[in-house]
Every structure is written in C-alpha cells, then in structure tokens.
Amino acid sequence: AEAGFAAASDDQDGVFEAPVAWRTALEAMLPFLPDRALLFTNDERMTLDLRDNGMLRPFPEDRAARLAGWPVELTSGLLYAQLPAYRLVGRKSPPPERPWLSREIEVLAARPMGGWANAGEDG
C-alpha cells in the first residue's frame, strides 16, 4: 500500500490516524483547486516518488515571481514540476468523467530534510 497523508478521526480514545495515499488525497482535491494554483509539498514520500518518476527538476528562474516574498532559505533547493494532473496522480490519460485531470498543475517540492543521501540516493 502506498504511504501518504494521514486522515484524522475521533474515536473513543481520542484521535487516530489512518494512512491515505497521497495520490488519492490529491485527486480528491483537484476539482476544487483554483486556476493557476501552485501546490507545495514537503512530504518526503511524495517528493521522492515524483523524483523517482522523473517528474521533478530544479525550480526555473522564470517562475520566481510566483514566490515573491518567500524567504531565500525556503526557496533554495526547491524542485518543480509542471504537468497534466492525470500524470501527477499516476494515470495514463484523463478519464472523460474527470475533465479537471486534463489541466496543467504546478508543484513545488522541498528536498528531504536529511538530503537525498538519507533518502537512499545523493542528488
């Protein structure tokens, strides 16, 4: 099973967490995103998965205006993807009943906190 976001729920003993695959959670959010939304993730599993599937590249300088006002310590080392939503969530094509999966999505991903070496690879 794919690791990902956690969904919290109340039970008799308090709050528990059940794993929700990041692609499942993202696909459920996509119909509600405004046009030109810029998604940011610092989820290590999502970042590594996007990287391992060749979707991430260094943040392009021509997109820097999208981050106006962000501190340099947050923006240095960001990785970037711009691709159709259906590819982001792991589909080969957009289902006709989900036209929002055809639109382009921009994603910013933070490098893993311990660096790539701690994530199994230098980079």
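Which residue in S6 is the bridge partner of Leu 79? The points below give the answer and place it within the predicted model.

1. **Overall composition.** The model under discussion is a predicted one. The protein contains four helices and six strands. Followed along the sequence, these elements give the pattern β-β-α-β-α-β-α-β-α-β. Among contacts with a separation of 6 or more, 55% are between residues 24 or more positions apart.

2. **The sheet.** Four of the strands make up an open sheet, arranged in the order S3-S6-S5-S4, and the pairing is mixed. The edges are occupied by S3 and strand S4 (57-58); each has a single partner strand, so one side of each has no neighbour in the sheet.

3. **The antiparallel pair.** S5 and S6 run antiparallel and are joined by six bridges. The opening question can now be answered: the bridge partner of Leu 79 in S6 is Ala 109. Glu 104, also in S6, stands opposite Pro 84.

4. **The parallel pair.** S3 and S6 run parallel, with four bridges joining them. Here Ala 109 of S6 appears again, standing opposite Thr 41. The student may therefore locate Ala 109 in the structure and find Leu 79 as its bridge partner and Thr 41 opposite it.

5. **Burial.** Of the 123 residues in the protein, 36% are buried. Strand S6 is mostly covered, with five of its six residues buried. The protein exposes about 7900 Å², and 52% of this area is supplied by carbon and sulfur atoms.

6. **The largest nonpolar core.** In soluble globular proteins, nonpolar side chains tend to be buried together. The largest nonpolar core in this model has 21 residues, of which Leu 26, Leu 30, Leu 39, Leu 50, Leu 88, Ile 105 and Val 107 touch the most other members. Two or more residues come from each of helix H1 (22-29), H2, strand S5 (79-84), helix H4 (85-88) and strand S6 (104-109). Leu 50 may serve as an example: apart from its neighbours within four places in sequence, it is in contact with Trp 22, Met 55, Leu 56, Leu 88 and Val 107.

7. **A second core and its aromatic pair.** A separate core of six residues is also present, and its members include Phe 59, Leu 67, Leu 78 and Tyr 80. Phe 59 and Tyr 80 are both buried. The model has one aromatic pair. In this pair, the ring centres of Phe 59 and Tyr 80 are 5.5 Å apart and the ring planes stand at 80°; planes over 60 degrees apart count as edge-to-face, so this pair is edge-to-face. Because Phe 59 lies in the loop between S4 and helix H3 (72-75) while Tyr 80 lies in strand S5, the pair ties together parts that are 21 residues apart in sequence.

8. **A buried acidic residue in a loop.** Asp 43 is found in the loop between strand S3 (38-41) and helix H2 (44-52). Is Asp 43 buried or exposed? Its relative accessibility is 13%, and buried means under 20%, so Asp 43 counts as buried. The side chain of Asp 43 reaches the backbone nitrogen of Met 46 at 2.8 Å.

Key: Residues numbered from 1 in each chain as written. Predicted model: local features only at pLDDT ≥ 70, side-chain atom pairs only at ≥ 80, totals over all residues. Heavy atoms only, no water. Buried < 20%, exposed > 50% of the residue type's maximum accessible area, 1.4 Å probe, protein only. Polar contact = N/O pair within 3.5 Å; in protein donor to acceptor, adjacent residues only side chain to side chain. Core = buried A, V, L, I, M, F, W, Y, C linked by side-chain atoms within 4.5 Å. Contact = heavy atoms within 4.5 Å. Pairing = 2+ DSSP bridges. Areas by Shrake-Rupley, 256 points an atom, 1.4 Å probe, with all protein chains shown as cover. Phe/Tyr/Trp six-rings, centres within 6.5 Å; stacked < 30°, edge-to-face > 60°.
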